[in-house]
Every structure is written in structure tokens, then in C-alpha cells.
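Work through these short exercises on charged side chains. Try each task before you read its solution.

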Amino acid sequence: RYRPLARLTTYSGTVHALAISNDGRILAGGVGTTRIKLWDINSHNELLCSSHHESRGTVSCAVWTTTRQTTVETLCYGTGLGYITFLRRGLIDNNFQEICARRLGSGFEITCLSCHPTSSEGNIQIAVGTRDKMVQVLILNTSSQLQSVFAVQLENTVPKSVAFTDNKAIYVFRLYDGKFMKLEDEDGTIVEEVSCKSLIGYAAVHQKCGVFIVDNATDGFTLYRLEGKGEPIRTFATALPSLSVLKQVAFGEEGKVIVGGSDNGLAYVFDRKMGQVLKTLHHADAGLVQMIAVSIEIGH
């Protein structure tokens, strides 16, 4: 059911962020302290990229998006020095070019990003969380200019994951304190705040299934209902960690499976409904598997 396709070598340090394009063809990776790299997944070749990234800090998160008006893929990534950058493939030379870059606020690390899946009229709507406990919503318009919609200051903790949903809400998952919040997507009004029965490292939302999954920072990944009251559905257990580190988690196969990292060199694939391990993917004999990316395309 799952098999290795390739090993892509970065040669220049730790991988801090991964994202697969919506068509399943391109992998983006934040590598080392100075680079964003792109690969063609089918050919395994590195793609040319004209981003002026060197002075903007380590890539901390990345996400791909398209709009209803066009199928052109746009990469959005954030950095440790507070820069948000957008790349898009050129129509003439087919290379990826920087179309917009801005440093947000006082330059605190961008901890999470989410693009609205139904951005319309060529505009891209982005939710951004930053280390100074802020959540912002921005629009990249058709002229490749950023416009602010709203900014909300959280009281107690850093946002680690954000997600748009079609019911005009934004879910914000707060680092370590086990709480998530539901915000109005028009003005950031806090509609609800819920305490989970576990800590939250990374989080991923599957709106169609009405659930989200978190790295519980202890023994694996815990599944919850979006409209629930913080009671877990089930926990997908991995080996007990030797270090308390954040491990990314994601849904795959239209929500049928859950994929997460580990600190023992493996990536785990779980059946969401049954809870059992479908596959352990060997990445290394030991060490942290913190960053993972899953394509929304069936077969990738």
C-alpha cells in the first residue's frame, strides 16, 4: 500500500518545514537556516526558484494554495524573522518566482499558516500565527499585494496551528496548553474556547469528517471532534518518546488515514476509524521525524 519512491538529499542542514502542492507534483522544503527548496516529485529533480530568502531567517512553515479563478499553484511560507513570502511559477520560463514578501509586525517568528481552500476572484486569504501571540488574516490580491483583514492578540499562549473552515470560522490551536479557539473569519471575534484532554503540539483539521488530530506531546496523536467539547475520540499510540519534541501530524486519503512522525526514525500511518497501525515507514535507524507532508491527491 505504501512504498518508498525517492530520497531527496538537501546537503545543507535540518528540514524545518515540508509541503506538497495540491496537485501532488511539487515538494517544498525549508532547509537549513537560509533556503527554501522545491523538487519535482515525479522526476526527483530540484526546481529553480528565485526567492531572495537568505536574509529572512529559517523557514518555519509552508502551505500551497490555488484559487477558483486559476489552477496555478502558489507557495506561501513563513520564517523565523517574521517574513511571509509567496512564490508562483512563471508562465514563460516555468521557474518559481517571488511575487510578494513582507515582514509582519515586529518580526516575530511565524509559527503557522493556513490558506482558505475556497479563495475566490483570484484573491488568496491567509491566516497567520506568530510567536508574539498574534493571529492575523491577510489577503493577497490579484496585484500580488497584501491587505490586512484583522489581527487578534491571544492572552496566554502562542498559536501553533490555524485552519479555515467553510462555516466562516477559523480554528486556532494553542501551543502546549491544550486549548483551541473558534474565531469568526470576518473580524476575529472569539466564538468559543475549548480545553482538550491532552496537550497540543501540532494539529491538523479535516473539515469534511468534522475532526482534528493533535500531537499530544506524550504517547502519540489524539483525535477530537471539531464541534465537540474536548473529549477525545481515540489516541493513536506510538512508542513512548525519549524527548518531548513537537511532531507534525496530517490526514491522508481523504481523511481515511492519519500520518505522524516520531522520535525513533519512523513515520506512522494509522487507520482513522479503526485506530490500528497500517504501516510504519522507515526513514532512519534512529532520530527525530518531526516534519511530514501528505498530498491531498489520491495515490500520492
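**Exercise 1.** Is Glu-193 buried, partly exposed or exposed?

Solution. The model is predicted. Buried means under 20% relative accessible area, and exposed means over 50%. Glu-193 has 40% relative accessibility, so Glu-193 counts as partly exposed.

**Exercise 2.** Find the salt-bridge partner of Glu-193 in strand β14, and place both residues.

Solution. Start with the contact. Glu-193 forms a salt bridge with Arg-174, and their closest N and O atoms are 3.3 Å apart. Next, locate them. Arg-174 sits in strand β14 (residues 169–174) and Glu-193 in strand β16 (residues 190–195), so the pair ties together parts 19 residues apart in sequence. Then check burial. Arg-174 has 4% relative accessibility, so Arg-174 counts as buried. Finally, widen the view. Arg-174, Asp-177, Lys-179 and Glu-193 are linked in a network of salt bridges.

**Exercise 3.** Which parts does the salt bridge between Glu-98 and Arg-56 tie together?

Solution. First, the distance: the two side chains meet at 2.8 Å, N to O. Glu-98 belongs to strand β8 (residues 96–103), while Arg-56 is in the loop between β4 (46–47) and β5 (59–65), so the bridge ties together parts 42 residues apart in sequence. Now burial. Arg-56 is buried at 10% relative accessible area. Glu-98 is partly exposed at 23%.

**Exercise 4.** Which residue forms a salt bridge with Lys-37?

Solution. The partner is Glu-46, with the closest N and O atoms 3.4 Å apart. Lys-37 is buried at 4% relative accessibility. Glu-46 is partly exposed at 41%.

**Exercise 5.** How many salt bridges does the structure hold?

Solution. The count is 9.

Key: Residues are numbered from 1 along each chain as its sequence is written. This is a predicted model: local features need pLDDT of at least 70, side-chain atom pairs count only at pLDDT 80 or more; totals for chains, interfaces and linings use all residues. Side-chain values use heavy atoms; hydrogens and water are left out. A salt bridge is a side-chain nitrogen of Lys or Arg within 4 Å of a carboxyl oxygen of Asp or Glu. Buried means under 20% relative accessible area, exposed over 50%, partly exposed in between (1.4 Å probe, protein chains only). Helices (H or I, at least four residues) and strands (E, at least two) are DSSP runs, numbered from the N terminus.
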